[in-house]
Amino acid sequence: MFDAATLAAYLVAAAVLVFIPGPGTAWIVAQSAAGGTARGIQAAFGLETATLIHALAAGLGLSALLATSALAFEVLKYAGAAYLIWLGIKAWRSGPAATAPAADAPPPARISARQVYLRSVMTGVLNPKVALFFLAFLPQFVHPERGMVWLQFLVLGALLSLIGLSNSLILSFAVGRFGRRFGGGGGRWKERLTGSVFIALGLRLAVQQR
């Protein structure tokens with residue numbers, strides 16, 4: 001499906017793109033700081049699932065709609081921005097109290113692994129810049145004459161996802177360990193850090209242009 005030269009060039013380009021800090025990196029750092037290594041890993045799998053979804057969508061031609069339709073781009077952009085800002089506000093409001101809870105008080109609600117995963121998938125899917133990136137980047141390495149274009153897109157997306165997952169797992173472990181040195185996984189400052197990152201990402205997405 002791919003010759004050695006094409007595959008090598010793609011892997012190098014994908015690795016460079018993954019290692020450049022961006023919104024995905026900020027998302028992983030925020031989740032790991034708020035909930036430790038495990039939460040960062042859950043977020044990483046969610047983001048990379050979104051990567052595969054975008055790769056498949058690009059292969060099926062759905063991403064082309066975002067490139068040609070201003071309305072479709074704006075709808076998805078503002079939906080994604082609103083979702084991120086809502087998560088940020090929720091994180092700020094649901095942070096644990098700074099004072100010690102009463103002995104008979106119920107333990108603070110924890111975000112389940114499923115919730116972290118689904119939120120991360122939604123965060124990645126609702127970013128039109130990711131879809132446009134796939135539309136611009138992946139076709140350079142796709143050869144229609146070799147058939148099954150959608151499968152080529154999916155394979156390239158899977159390779160990018162694996163590289164991204166490896167980077168995110170290392171980042172999650174490092175931030176999770178760092179976070180535990182400064183008060184464990186339940187400090188109020190971590191929830192506020194997470195909320196601030198979510199809101200910042202949402203605002204950044206809202207002002208981006210096609």
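Student: What makes the order of elements in the protein easy to write down?

Tutor: From the N terminus on, the order reads α-α-α-α-α-α-α-α. The tally is 8 helices and 0 strands. Keep in mind that this is a predicted model.

Student: How do you know that the span of helix α1 agrees with its number of residues?

Tutor: Helix α1 covers residues 4-19, which is 16 residues. The rule is 1.5 Å times one less than that number. The expected span is therefore 22 Å, and the end C-alpha atoms lie 23 Å apart, which agrees.

Student: Why are T6, Y10, A14, A15 and V18 of α1 said to be on the same side?

Tutor: These residues of α1 are buried. Their arc around the axis is only 160°, so they sit on the same side of α1. In an α-helix there are 3.6 residues a turn, so residues three or four places apart point the same way.

Student: Which exposed residues does the opposite face of α1 carry?

Tutor: A4, A5, V12 and F19 are on the face turned away from the buried side. Exposed means over 50% relative accessible area.

Student: What makes D3 a cap of α1?

Tutor: A side-chain oxygen of D3 lies 3.1 Å from the backbone nitrogen of A5, at the N-terminal end of α1. The cut-off for a polar contact is 3.5 Å, so this pair falls within the limit.

Student: How many of the 210 residues in the protein, in percent, are called buried?

Tutor: Buried residues make up 41%. The label requires under 20% relative accessible area.

Key. Residues are numbered from 1 along each chain as its sequence is written. This is a predicted model: local features need pLDDT of at least 70, side-chain atom pairs count only at pLDDT 80 or more; totals for chains, interfaces and linings use all residues. Side-chain values use heavy atoms; hydrogens and water are left out. Helices (H or I, at least four residues) and strands (E, at least two) are DSSP runs, numbered from the N terminus. Buried means under 20% relative accessible area, exposed over 50%, partly exposed in between (1.4 Å probe, protein chains only). The arc is that of the directions from the helix axis to the C-beta atoms. A polar contact is a pair of N or O atoms within 3.5 Å; within protein, one must be able to donate a hydrogen and the other to accept it, and residues adjacent in sequence count only if both atoms are side-chain atoms.
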